[in-house]
Amino acid sequence: MATAIHDLVDTDRDALRAQFRRDVLTGLSQPRKAIPARWFYDHRGSELFEEITRLPEYYPTRTETSILMAHATRLGRLIGARHHVVVEFGAGSATKTPLLLDAIWTAAYVPIDISGEFLSESCETLAQRYPDLPIYPVEADFMEGATLPPQVGAHPRLGFFPGSTIGNMEPMAATDLLRSMRRTLGSDSLLLIGFDRIKDERELVAAYDDAQGVTAAFNLNLAARINQELGGTIPLDALVHRAIWNDARARIEMHIETTRDIAFDVCGRRFTMRAGETIHTENSHKYDPRSADTLLLAGGWEPLQRFCDGSEKFMVILARA
Ligand code: AVJ
């Protein structure tokens, strides 16, 4: 029944590996060690993230889902009766996608994700639910500006960027990404994007430091991945997970902290860390309605409608190019 799934556009798995190596070596060589958050998502990391989305403390996924469910009809009316090519950035398991696909007219679906293996699995599931929908999976880092498969045709495009993934980027990078999405999608396009909201610090920190330790495992999986894929010798037993709220920058930061002085190799290069030193592994920026609108406008998108939950935890914004 997977006849509508077109071949995975696997542009550059080798390039991806080389980029991982570069990012890790560069990141560990800095005075303040930092590795970009996108490298969390190997197959194991993508699975752990799915587990995070089901944690009692991690409210974003279920809140965004409830927003999309509550406003599906209105969303459908706003988007209108034209068929759109839906392009999902960082599609992952694509669990929220049916909420959108059921509400609008879709000519084709283009999920873009950095983990091709994970992408193939989620496309199978979607293809069973939508046997007539053409699906064009693209394995790519959407941060690098993806090109759409030409077969998708000339329909207007609807970008779908749920989950508050935009929060991983610092404002300047977020602006660049929004502009690059506008270029990818064209001037006759819409964007449906999720933002996590600024809220009580305890609630935010709990969402990134859960009682079951799943987020800790997700964070530390990055070190395990470096050991496996880049011939690393990082002593995993010396590492602990940290999640802190940076109020000045309105973001949750995740770090991997070392409990003792350590020395290790990656790709034949030697690195040291003092006890208490960290590798900064993620930023998750939080927004209020104004800062989200300002960011969208700077990125070339005009906000049309904001959808929120009753507790003001999360928001989904529909914008046009
Ligand atoms: C997938 C980037 C939206 O920032 O909340 C979850 C990733 N990191 N728990 C987020 C994440 C730790 C997540 N995003």
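How many of the eight residues of strand β6 (residues 189–196) are buried? The count is eight of eight, and the strand is thus described as mostly covered. The legends below refer to a predicted model.

**Figure 1. Overview of the predicted protein chain.** Ten helices and 13 strands constitute the secondary structure of the protein. The radius of gyration is 20 Å, close to the 20 Å that the globule rule gives for 321 residues, so the protein is as compact as a globular protein of that length. Along the principal axes, the C-alpha atoms occupy a box of roughly 60 × 40 × 35 Å. Of the 321 residues, 40% are buried. Among contacts between residues at least 6 apart in sequence, 72% link residues at least 24 apart.

**Figure 2. Strand β6 and its partners β5 and β13.** Two sets of residues point in opposite ways from β6: S189, L191, I193 and F195 on one side, and L190, L192, G194 and D196 on the other, all of them buried. Strand β5 (residues 157–161) pairs with β6 in the parallel sense through five bridges, and F160 has L192 as its bridge partner in β6. Between β5 and β6 the chain passes through helix α7 (residues 171–185), forming a right-handed β-α-β crossover. The pairing of β6 with β13 is antiparallel and comprises seven bridges; here F195 lies opposite M315 of β13.

**Figure 3. The nonpolar cores of the protein.** The largest nonpolar core holds 51 residues, of which I112, L192 and I317 touch the most other members. Strand β13 (residues 314–320) makes the greatest contribution to this core, with six residues. Apart from neighbours within four places in sequence, L192 contacts L100, L158, G159, F160, V316 and L318. A second, separate core contains 20 residues, including F20, V24, I114 and I256.

**Figure 4. Strand β3 between its parallel partners β2 and β4.** Six of the eight residues of β3 (residues 106–113) are buried, so this strand is largely enclosed by the rest of the structure. Strand β2 (residues 84–89) runs parallel to β3 and is joined to it by six bridges, with V85 opposite A108 of β3. Strand β4 (residues 138–139) likewise pairs with β3 in the parallel sense, over two bridges. At this pairing I112 stands opposite V138 of β4; I112 is also one of the residues that touch the most other members of the largest nonpolar core. Together, β3, helix α6 (residues 116–129) and β4 form a right-handed β-α-β unit.

**Figure 5. The open three-stranded sheet and the helix packed on it.** The strands follow the order β7-β8-β11 and pair in the antiparallel sense. Strands β7 (239–246) and β11 (278–285) are at the edges with a single partner strand each, so one side of each has no neighbour in the sheet. On average, neighbouring strands of this sheet are turned by 20 degrees against each other, direction ignored. Helix α9 (residues 214–229) packs on the sheet and touches β7, β8 and β11. The direction of α9 makes about 115 degrees with that of β7.

**Figure 6. Detail of the pairing between β8 and β11.** Strand β8 (residues 251–258) and β11 run antiparallel and are joined by seven bridges. Within this pair, M254 is placed opposite E282 of β11. In general, the strands of a sheet pair through backbone hydrogen bonds, in either a parallel or an antiparallel manner.

Notes:
Residues are numbered from 1 along each chain as its sequence is written. This is a predicted model: local features need pLDDT of at least 70, side-chain atom pairs count only at pLDDT 80 or more; totals for chains, interfaces and linings use all residues. Two strands pair if DSSP finds at least two bridges between them. Helices (H or I, at least four residues) and strands (E, at least two) are DSSP runs, numbered from the N terminus. Axes are lines fitted to C-alpha atoms, for helices over the stretch in contact, and angles run from 0 to 180 degrees between N-to-C directions. Two residues are in contact if their C-beta atoms, placed from the backbone, lie within 7 Å. The radius of gyration is taken over C-alpha atoms; the globule rule is 2.2 Å times the number of residues to the power 0.38. A residue is buried if 20 or more other C-beta atoms lie within 10 Å of its own, exposed if 12 or fewer, and partly exposed in between; C-beta atoms are placed from the backbone. A nonpolar core is a set of buried Ala, Val, Leu, Ile, Met, Phe, Trp, Tyr and Cys residues joined through C-beta atoms within 7 Å. A crossover is right-handed if, with the strands pointing away from the viewer, the path from the first strand over the helix to the second runs clockwise.
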